[in-house]
Amino acid sequence: MRDVGLSSKTVIRIGFLAPLTGALKSWAVPGLNGAMIWIDRINSTGGLKVGNRKYMIELIQFDTMYQPKLALQGARKLILEDGVKLLLMIGGDDISPEVRRLVSQYRMLVATLLPTDLSPDCPTLVAPSEVHPLYNVTGVDWLRRTKPHLKTAAMCAQRDMLGLPSIATYRAAFEAAGIELVAECLFDPDVEDFGAIVERMMAASPDILCWDTVYEPFVHSLTIEAFNRGFKGQLLSCTCDNYPELIERTSPEFMEGFVFQFPDFDDQRLNEPQINFEDPNAFYDEFCRRFPGSWSAVSWEYASTLELWKSAVQRARTFEPFSVLSMMKVGGVGHHAFGEAIWWGRDLFGIDNALVGDWPVVAIQNGRARIQEFVSMREWWSKHKAGLIRHLRALDLMWDQRESVASST
């Protein structure tokens, strides 16, 4: 076993701890590839300059298969044997109480894509790039303002720590928008019969079918089943990865107007002055050239986290996680990919460790995912926070309920 303090003097290691196989790989592998683009760019210039020295960056990956026991095994290896200075994770079921205790014990800086993982008992766990599921309220709010004829919705999700917090958030968003939720279907992640799920949802004749935050294969299966059953209303989802394939398997007309939350990075609105992601169009082009057909919701997110980490490392003049975190959060303001944001979350997560600003609402237009609007999540929260907290508590998902949830599952 390598001692934690014996990381090479010229190489800094970063750990990538996520499900690289299985149903969730589309929310991990593209993120890993995006991180590699960022690292290759840094290393091609001789490394990351900190003080008077340059350091090459090495990314060490571990496949959790979205199994908590494997995630704990991987966290131990990356922290105790490989001596990483940063862990990149999807989070959710992978961040068990045991992983949280290990992270806290070694004060390891961990970036999750799920702010619902955050709690005061793990102060070095942060959500700097994605604020799932809070941003899902923006899609519902945009539909309320632009398509007021939509009055009812049906929703489904897999029963896990990706689906359930999103269910609570969409419940609150529909409630705030005055949209009646007429059907809700929770299913196990090993489900095979998506036709039955869609039939149950469509039985109430909803104006909106909402796929919540289901895995990419589930989005595809559900959408195709809705097409086959002649659904004519509004489709809404957190993600819609590999939507060109869905257009081919359904029709351009059926997919037109599908609303979700993640743009392609060739979108010209990402060149607006407030954007804090360096040359997003070039990043998208390089990603598509190196990893064709695999762009997803997370392709840019770990690269965005790494850029924030890089800036903090250079200002702190050290890679030590706790010092880097302190520099990340200095002043309470950070540079999120979509604009300036604040470190926020105490009321919702028990700690201000989520970087929250505006988020894009995306719709498919003429076969492409295009940003419709940047919407303030904090503005929505200021008006409707009581409803969101109530729905999260109903599912035992608030940070102060987490231990009871873990012990019951």
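This report describes the sheets, helices and some single residues of one structure.

The model is a predicted one, in which local features need pLDDT of at least 70 and side-chain atom pairs count only at pLDDT 80 or more, while totals for chains, interfaces and linings use all residues. Residues are numbered from 1 along each chain as its sequence is written, and side-chain values use heavy atoms, with hydrogens and water left out.

**The sheet of six strands and its helices**

Helices (H or I, at least four residues) and strands (E, at least two) are DSSP runs numbered from the N terminus, and two strands pair if DSSP finds at least two bridges between them. In an open sheet with mixed pairing, 6 strands follow the order β2-β3-β1-β4-β5-β6. The edge strands, each pairing on one side only, are β2 (48-50) and β6 (125-126). Between β2 and strand β3 (residues 53-63) there are 3 bridges in the antiparallel sense, and Leu48 has Tyr55 in β3 as its bridge partner.

Helix α1 (residues 29-44) packs on this sheet and touches β1 (11-18), β2 and β3, its direction making about 165° with that of β3. Angles run from 0 to 180 degrees between N-to-C directions, and axes are lines fitted to C-alpha atoms, for helices over the stretch in contact. Helix α2 (residues 68-81) lies across β1, β3 and β4 (87-89) and runs at about 155° to β3. Asn43 is part of helix α1, and apart from neighbours within four places in sequence, Asn43 is in contact (heavy atoms within 4.5 Å) with Tyr55, Met56 and Ile57.

**Helix α1 against helix α11**

How far apart are the axes of α1 and α11? The axes of α1 and helix α11 (residues 301-316) are 7 Å apart, and the two helices pack at an angle of about 40°. They are therefore oblique to each other, given that angles under 35 degrees count as roughly parallel, over 145 as roughly antiparallel, 65 to 115 as roughly perpendicular and the rest as oblique. On the α1 side the contact includes Trp38, Ile39 and Ile42, and on the α11 side the residues include Tyr302, Leu306 and Trp309. The residues of this contact divide into 9 nonpolar, 2 polar and 2 charged, where Ala, Val, Leu, Ile, Met, Phe, Trp, Tyr, Cys and Pro count as nonpolar, Asp, Glu, Lys and Arg as charged, and the others, Gly among them, as polar.

**Strand β7 and the sheet of three strands**

Buried means under 20% relative accessible area, exposed over 50%, and partly exposed in between, with a 1.4 Å probe and protein chains only. Strand β7 (residues 152-158) is mostly covered, with 7 of its 7 residues buried. In a regular strand the side chains alternate between the two faces of the sheet. Here Thr152, Ala154, Cys156 and Gln158 point one way from β7, whereas Ala153, Met155 and Ala157 point the other way. Strand β7 is joined by 7 bridges to strand β8 (residues 180-187), the two running parallel, and Thr152 has Glu180 in β8 as its bridge partner.

A further open sheet, with antiparallel pairing, has 3 strands in the order β12-β13-β14. Its edge strands are β12 (333-336) and β14 (354-356), each of which pairs on one side only. Strand β13 (residues 339-344) is joined to β14 by 3 bridges, and Ile342 stands opposite Val356 in β14.

**Single residues in and between the elements**

The table lists the place and the relative accessibility of some residues.

| Residue | Place | Relative accessibility |
|---|---|---|
| Asn43 | helix α1 | 19%, buried |
| Leu134 | loop between β6 and α4 (136-146) | 4%, buried |
| Ser205 | loop between α6 (194-202) and β9 (208-210) | 57%, exposed |
| Asp212 | loop between β9 and α7 | 0%, buried |

Leu134 touches Thr169, Trp344, Met377 and Leu388, not counting residues up to four places away in sequence. Leu134 and Arg378 are 244 residues apart in sequence, yet 9.3 Å apart in space, C-alpha to C-alpha.

Most residues other than glycine have a negative phi, and most peptide bonds are trans. Ser205, although not a glycine, has a positive phi of about 50°, and Asp212, also not a glycine, has a positive phi of about 55°. The peptide bond from His132 to Pro133 is cis, with omega near 0°, and Pro133 lies in the loop between β6 and α4.
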